[in-house]
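Welcome, and thank you for taking a look at this protein with me. Please walk me through the structure, one region at a time.

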Amino acid sequence: MKRSLIVAASLFILGMASAIAQPRAVGVRIGYGVELSYQHGLGNNMLSIDAGLPGFNGIEAAVTYDWIDPFNTKIPWNEKGEWNWSLGVGAAGGWYWKGSAFVGVAGRVGVEYNFWFPLQLSVEWRPSFGPYFGKPCGFNINGLYAGGIAIGVRYKF
């Protein structure tokens with residue numbers, strides 16, 4: 001029992017140290033509404049978590065796993081800073097003030113510029129689609145454009 005407790009505590013400490021050592025960014029996405037945005041580095045890729053007000057008509061959240069430079073085609077740049085592009089997939093869900101809710105699949109395609117100081121600017125398209133529940137029920141195709149395109153401003157730490 002004592003040995004398993006020591007092993008579990010060691011694994012927890014190593015996991016926390018690994019999570020803290022990864023690069024992160026926090027900021028906002030501004031497009032059709034506004035969202036708080038958090039990105040957590042996972043090796044060469046990242047996990048993006050966004051929550052906000054789509055068109056100020058409700059609340060929504062999306063989580064995507066994003067591959068940075070998925071086809072190994074770096075954007076050439078000779079100045080300070082670094083250009084990256086990303087491609088991701090995940091899930092989204094939300095609730096609108098009129099009483100309808102939706103769940104579904106989310107994608108992400110984006111281009112970002114990381115300055116030599118801790119600032120990141122990006123242009124992203126994050127479509128989401130899937131069923132919505134309300135009066136009447138149906139399929140959420142508005143998520144393909146509403147809230148999809150946004151400009152991101154994040155602080156990297």
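## A guided walk through the fold

Strand β6 pairs with strand β8, residues 128–133, in the antiparallel sense, and four bridges hold the pairing. One place to find this pairing on screen is A101, whose bridge partner in β8 is F133. Before going further, please keep in mind that this is a predicted model.

From here, stay with β6 and look at its other neighbours. Strand β5 covers residues 82–96 and β6 covers residues 101–114; the two run antiparallel and are joined by 14 bridges. Along this pairing, V89 stands opposite G107 in β6. The hairpin of β5 and β6 has four residues between the strands, and in this hairpin G99 takes a positive phi near 100°.

Strand β7, residues 119–125, also runs antiparallel to β6, and six bridges join the two. To see where they meet, find G110, which stands opposite E124 in β7. The chain passes from β6 to β7 through a hairpin of four residues.

Now for the spaces inside the model. There are two cavities of 30 Å³ or more in the structure. The second largest cavity holds about 50 Å³ of space. Its lining includes G110 and E124, the two residues that we just saw standing opposite each other. Other residues of this lining are Q39, M46, N84, W85, S86, R108, V111, E112 and S122. Which elements give two or more residues to the lining of this cavity? They are β5, β6 and β7, and β6 has the largest share, with four residues. By class, the lining of the second largest cavity divides into three nonpolar, five polar and three charged residues.

Next comes a pocket. The second largest pocket has about 210 Å³ of space. It is lined by 16 residues, and P23, G41, N45, M46 and K156 are the closest to its centre. Two or more lining residues come from each of β1 (24–31), β2 (33–42), β3 (45–54) and β6. The strand that gives the most is β2, with three residues. Sorted by class, the lining of this pocket has nine polar, four nonpolar and three charged residues. M46 is worth a second look, as M46 is listed in the lining of the second largest cavity and also among the residues closest to the centre of the second largest pocket.

While you are at β2, have a look at H40, which lies in this strand. Is H40 buried or exposed? H40 has a relative accessible area of 15%, so it counts as buried, since buried means under 20%. H40 and R24 are 16 residues apart in sequence, yet their C-alpha atoms are 4.6 Å apart in space.

Let us turn to the aromatic rings. A pair of aromatic rings is described by the distance of the centres and the angle of the planes. Across the whole structure, a search finds 10 aromatic pairs. One of them is formed by W95 and W97, with 5.4 Å from centre to centre and 75° between the planes, and this pair is edge-to-face. W95 counts as partly exposed because its relative accessibility is 38%, and W97 is partly exposed as well, at 47%. Y155 and F157 make another pair: their ring centres are 6.0 Å apart and their planes lie at 15°, so this pair is stacked. Here Y155 is partly exposed with a relative accessible area of 46%, and F157 is partly exposed with 42%.

There is also a cluster of rings to find, in which ring pairs link W83, Y113, F115, W116 and F117. W116 has a charged companion too: K80 lies over the face of W116, at 5.3 Å from the ring centre.

One last stop is a loop. Between β9 (138–140) and β10 (149–156), the loop holds L144. L144 is partly exposed because its relative accessible area is 37%. Along the chain, L144 and R126 are 18 residues apart, and 7.9 Å separates their C-alpha atoms.

Methods: Residues numbered from 1 in each chain as written. Predicted model: local features only at pLDDT ≥ 70, side-chain atom pairs only at ≥ 80, totals over all residues. Heavy atoms only, no water. Pairing = 2+ DSSP bridges. 1 Å grid on protein atoms, 1.4 Å probe; cavity = no way out; pocket = protein on both sides within 12 Å on 5 of 7 lines; lining within 4 Å. Points joined across faces, edges and corners; volume = space filled by probe spheres on them. Nonpolar A, V, L, I, M, F, W, Y, C, P; charged D, E, K, R; others polar. Phe/Tyr/Trp six-rings, centres within 6.5 Å; stacked < 30°, edge-to-face > 60°. Buried < 20%, exposed > 50% of the residue type's maximum accessible area, 1.4 Å probe, protein only. Lys NZ or Arg CZ within 6 Å of the ring centre and 35° of its normal.
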